[in-house]
Amino acid sequence: MVPDTTRHEHARQAQQAMKTYTHVPYRHTEYPEREMHERANALYDELRRRRSVRFFSDRPVARELIELAVMTAGTAPSGAHRQPWRFVAVSDPDIKRRIRIAAEKEEHESYHGRMSEEWLQALAPLGTDWRKPFLEIAPWLVVCFAESYGVRNDGARIKNYYVQESCGIACGLFIAAIHHMGLVTLTHTPSPMRFLGEILGRPKRERPYILFPVGYPAAGATVPDLSRKSLKDVVQWDLGETV
């Protein structure tokens with residue numbers, strides 16, 4: 001049983017939170033069912049054509065487009081609305097070069113000792129190796145950092161909740177935004193990624209989550225001929241329904 005004093009403290013904190021965040025009416029747009037189907041099919045048709053691209057053009061991409069993609073990512077839900085993501089966008093050739101050198105060092109060690117044979121076999125159909133030229137070719141590198149805790153103006157820590165889940169959702173929306181505007185990207189996660197925080201001067205409370213090269217696909221770019229799991233392989237409707 002929870003002590004009365006604890007319940008009273010929780011109630012006080014909840015009341016304080018309600019004062020901090022004023023509730024406003026939700027502006028909902030409802031569509032006729034036929035239009036709902038059309039919109040759902042259009043979004044699915046667009047996103048099913050999304051692919052992870054490893055061959056980039058060096059054509060410039062306007063900073064405003066990156067800003068819009070990050071703002072779209074920022075609409076993601078997050079634990080206690082802490083928004084524990086921090087995006088760092090890099091276009092400077094020297095910094096991109098430093099990132100590539102550091103990433104390839106880690107990737108070389110992974111491909112030549114860290115990865116199990118089973119892991120290497122799983123990657124084989126993708127045709128990847130430790131070389132990552134796209135880290136210099138793509139006009140933008142966008143790194144999402146996961147913030148373990150925030151800091152108030154007085155230096156006190158603010159705990160963040162569900163950091164990994166929140167950042168995962170935000171990164172998914174970032175990918176969708178990039179694809180929707182006609183650009184391509186790749187989720188690059190060299191392990192370990194501590195070098196990104198060092199190169200980009202991020203505080204220790206932030207950990208690199210995903211590195212996204214962003215740009216146009218190179219002329220003649222190819223992607224692995226892969227298929228996605230069918231609906232029956234990824235969903236169960238009712239406990240009694242056979243899948």
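This is a short talk on the sheet and the salt bridges of one predicted model.

Let me start with the sheet. Four strands make up an open sheet, and their order across it is β1-β2-β6-β5. The pairing is antiparallel. Which strands stand at the edges? They are β1, residues 85-90, and β5, residues 184-185. Each has a single partner strand, so one side of each is left without a neighbour in the sheet.

Now the pairings, one at a time. β1 and β2 are antiparallel and share six bridges. If you want a place to look, find W85, which stands opposite A146 in β2. On to the next pair: β2 and β6 also run antiparallel, and eight bridges join them. Here C144 has I210 in β6 as its bridge partner, and E147 stands opposite E206 in β6.

Stay with β2 for a moment. How many of its residues are buried? Eight of its eight are, so I would call the strand mostly covered, going by the cut-off of under 20% relative accessible area for buried. The residues point two ways from the strand: W140, V142, C144 and A146 go one way, while L141, V143, F145 and E147 go the other way. Both sets are buried. There is also a helix to place here. Helix α3, residues 63-73, lies across β1, β2 and β6. Its direction is at about 165 degrees to that of β1.

That brings me to the charged residues. The structure has 15 salt bridges, and I will go through three.

We have just met E147, so take that one to begin with. The side chain of E147 forms a salt bridge with that of R205, at 3.4 Å from N to O. E147 belongs to strand β2, residues 140-147, and R205 to the loop between α8 and β6, so the salt bridge ties together parts that are 58 residues apart in sequence. Is each partner buried or exposed? E147 is buried, at 3% relative accessibility. R205 is partly exposed, with a relative accessible area of 21%. The cut-off for buried is under 20%, so R205 falls outside that class.

The second one is in helix α4, residues 93-114. R100 and E104 meet there through their side chains, 3.0 Å from N to O. Why can these two be partners? They are four residues apart in the helix, which means a separation of about one helical turn. R100 has a relative accessible area of 18% and is buried. E104 is buried as well, at 12%. This pair also belongs to a network of salt bridges that links R97, R100, E104 and E136.

The third is E107 with K132, where the closest N and O atoms are 3.5 Å apart. This pair links distant parts of the chain: E107 is in helix α4, and K132 is in the loop between α5 and α6, 25 residues apart. Both E107 and K132 are buried.

One last residue, from that loop between α5 and α6: G127. Is G127 buried or exposed? It is exposed, because its relative accessible area is 63% and the cut-off for exposed is over 50%. For a sense of distance, take G127 and E198. They are 71 residues apart in sequence, and their C-alpha atoms are 30 Å apart in space.

That is what I have for today.

Terms used. Residues are numbered from 1 along each chain as its sequence is written. This is a predicted model: local features need pLDDT of at least 70, side-chain atom pairs count only at pLDDT 80 or more; totals for chains, interfaces and linings use all residues. Side-chain values use heavy atoms; hydrogens and water are left out. A salt bridge is a side-chain nitrogen of Lys or Arg within 4 Å of a carboxyl oxygen of Asp or Glu. Helices (H or I, at least four residues) and strands (E, at least two) are DSSP runs, numbered from the N terminus. Buried means under 20% relative accessible area, exposed over 50%, partly exposed in between (1.4 Å probe, protein chains only). Two strands pair if DSSP finds at least two bridges between them. Contact means heavy atoms within 4.5 Å. Axes are lines fitted to C-alpha atoms, for helices over the stretch in contact, and angles run from 0 to 180 degrees between N-to-C directions.
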